[in-house]
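These are my notes from a session spent looking up parts of one structure, set down in the order in which I took them.

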Amino acid sequence: MGFSEKQRQVLRFPYMGYDALICDGAVRSGKTSVMSLSFLLWGMGNFRNCAFAICGKSVGSVERNIITPLLAVQYLHDHFTLQYNRGDHMLLVSRGGRENRFYLFGGRDEASYTLIQGITLAGVLLDEAALMPRSFVEQALARCSVDGAKFWFNCNPENPMHWFRQEWILHPERHNALHLHFLMDDNPALSAATRRRYENTYSGVFYERYVLGRWVAADGVIYSVFDETANTYRPDQRRPDMAWISDRAISVDYGTANPTRFLDIYDSGEYIWVDREYNWDSRKEHRQKTDQEYAGDLLAFMGDSPCTVIVDPSAASFIAELRRQGVYVIPAENDVPDGIRKTASLISQRVIQICEACPCLIGEMGTYVWDEKASLRGEEKPVKQNDHSADALRYYINSLPDWRFE
Ligand SMILES: Nc1ncnc2c1ncn2[C@@H]1O[C@H](COP(=O)(O)OP(=O)(O)OP(=O)(O)O)[C@@H](O)[C@H]1O
Ligand SMILES: [Mg+2]
């Protein structure tokens with residue numbers, strides 16, 4: 001398989017006099033694969049005994065998305081010796097007497113942040129740069145003090161006010177950077193079927209960003225792709241094997257004045273079944289419940305087979321009460337944009353199936369909307385209203401492992 005013209009530019013970039021390369025655009029458009037190959041060849045062609053950084057969201061995602069594919073490239077094995085050391089998260093590449101080390105870092109791993117502060121680099125590749133904290137990216141760049149060092153970035157579009165677009169994409173001249181914009185057509189290996197599958201995975205703002213490659217702000221209904229038929233099932237269509245699915249969790253959004261919601265969720269590997277919900281709205285009921293009462297309600301809702309409970313991380317007192325009662329609780333990961341992106345993609349793929357016995361959650365699918373004013377400032381979040389079940393669902397989805405979304 002050859003390369004597209006855009007990809008060939010990535011291979012030529014090291015010899016064009018630029019200090020940085022920025023590739024942004026659609027998913028599956030061939031950015032990461034060609035960039036990591038070009039990065040490795042450049043490092044080996046121009047340096048010896050140097051350290052390089054390959055950064056992604058997490059070390060695990062760099063292993064899966066960059067190292068494993070690189071290790072499968074026959075051309076590299078024909079010309080170099082590649083040795084990946086899992087324990088040190090380091091790829092050692094050598095040829096003749098020349099040797100370089102490529103260290104893996106995760107922009108969201110606390111440990112990576114500390115480790116990268118102490119290292120001297122000849123180059124850094126930031127995969128999905130827009131999903132990393134700015135402080136991590138800047139720390140990584142600041143470590144590049146070897147002569148001839150270059151920065152390599154790639155990302156998918158986000159909000160137009162995103163710092164990475166404002167600082168790098170709109171001003172490549174400030175950094176002597178080459179900017180290349182990728183579309184799915186720039187990947188010569190993308191089959192029509194795969195392309196269609198990705199087009200079906202995204203809708204609304206995510207479609208514009210990830211399929212069309214545009215930096216657009218989020219507005220309107222968040223899960224516009226939710227379909228009352230394709231994403232729901234009737235209680236009498238409950239899967240007979242539901243009781244046997246061991247991957248069950250209850251996800252909780254906790255409120256004192258606001259409603260409290262529990263969702264009973266089963267993961268069969270193929271589908272995520274949101275089977276039942278609990279709702280207590282203290283305003284409507286004119287009575288607030290105590291943490292003990294809520295904990296009692298949760299144990300009753302759970303029934304005879306204990307399962308993991310994922311709770312709104314801000315509900316410290318409720319978490320403490322549940323733990324006192326012997327419940328296994330995980331405080332939820334509250335990364336809002338990431339959780340929404342993941343949930344939206346599972347809804348589009350119809351992986352998420354909601355029982356009609358969950359009217360609050362189904363109702364919120366139509367009322368969970370982007371905060372348009374915040375979005376114009378570059379901050380993406382839902383309007384905090386009619387969002388309780390949707391938040392509980394997001395907490396659950398954020399607890400799933402990354403590979404589920406890759
Ligand atoms: N020239 C090529 N020859 C063969 N396969 C290719 C080529 N370019 C890309 N691919 C394959 O296409 C798939 C998508 O490419 P890649 O991961 O580089 O895209 P991406 O733009 O980084 O996508 P995302 O934004 O989703 O991370 C990968 O499996 C990759 O190996
Ligand atoms: Mg990529």
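I began with A217, in a model that is predicted. I asked whether A217 is buried or exposed, and I noted that it is partly exposed, because 18 other C-beta atoms lie within 10 Å, where 20 or more would make a residue buried and 12 or fewer would make it exposed. I then looked up where A217 sits and found it in the loop between α9 (204-211) and β9 (232-233). Setting aside neighbours within four places in sequence, I listed N159, P160, S375 and L376 as the contacts of A217. I also noted E380, which is 163 residues from A217 in sequence, although their C-alpha atoms are 8.3 Å apart in space.

Next I turned to the domains. The domain assignment divides the protein chain into domain 1 (5-190) and domain 2 (232-405), and I wrote down 37 Å for the separation of their C-alpha centres. To the contact between them, domain 1 gives 7 residues and domain 2 gives 6 residues. On the side of domain 1 that touches domain 2, I entered 1 nonpolar, 5 polar and 1 charged residues.

I went on to the open sheet, which is formed by 8 strands in the order β3-β4-β5-β2-β6-β7-β1-β8, with mixed pairing. Its edge strands are β3 (81-85) and β8 (177-182), each of which pairs on one side only. From one strand to the next, the twist averages 15 degrees.

Within this sheet I spent some time on β1. How many of the residues of β1 are buried? I found 6 of its 6 residues buried, so I recorded the strand as mostly covered. From β1, the residues A20, I22 and D24 point one way while L21, C23 and G25 point the other way, and all are buried. On one pairing, β1 runs parallel to β8 over 6 bridges, with L180 in β8 as the bridge partner of C23. β1 is also joined by 5 bridges to β7, again in the parallel sense, and there A20 stands opposite F151. I followed β7 (residues 150-155) to β6 (residues 123-127), with which it pairs in parallel over 5 bridges, and noted L126 opposite F153. I also saw that helix α1 (residues 5-12) lies across β1 (20-25) and β8, running at about 155 degrees to β8.

I then looked up β11 (residues 260-267) and β12 (residues 272-280), which run antiparallel and are joined by 8 bridges. L263 stands opposite E277 of β12. The two strands, β11 and β12, form a hairpin with 4 residues between them, and in the turn G269 has a positive phi of about 95 degrees. β12 is joined in addition to β15 (residues 352-355) by 3 bridges, in the parallel sense, and I noted that I272 stands opposite I352.

My last entry concerns a pair of helices, α13 (residues 336-348) and α16 (residues 388-398), whose axes come within 9 Å and cross at roughly 90 degrees. Angles of 65 to 115 degrees count as roughly perpendicular, and I therefore recorded α13 and α16 as roughly perpendicular to each other. From α13 the contact is made by D338, G339, I340, K342, T343 and L346, and from α16 by L393, R394, I397 and N398. By class, I counted this contact of α13 with α16 as 4 nonpolar, 3 polar and 3 charged residues.

Key: Residues are numbered from 1 along each chain as its sequence is written. Chains are lettered from A and ligands numbered from 1 in the order in which they are written. This is a predicted model: local features need pLDDT of at least 70, side-chain atom pairs count only at pLDDT 80 or more; totals for chains, interfaces and linings use all residues. Two strands pair if DSSP finds at least two bridges between them. Axes are lines fitted to C-alpha atoms, for helices over the stretch in contact, and angles run from 0 to 180 degrees between N-to-C directions. Two residues are in contact if their C-beta atoms, placed from the backbone, lie within 7 Å. Domain bounds come from an automatic or database domain assignment. Ala, Val, Leu, Ile, Met, Phe, Trp, Tyr, Cys and Pro count as nonpolar, Asp, Glu, Lys and Arg as charged, and the others, Gly among them, as polar. Angles under 35 degrees count as roughly parallel, over 145 as roughly antiparallel, 65 to 115 as roughly perpendicular and the rest as oblique.
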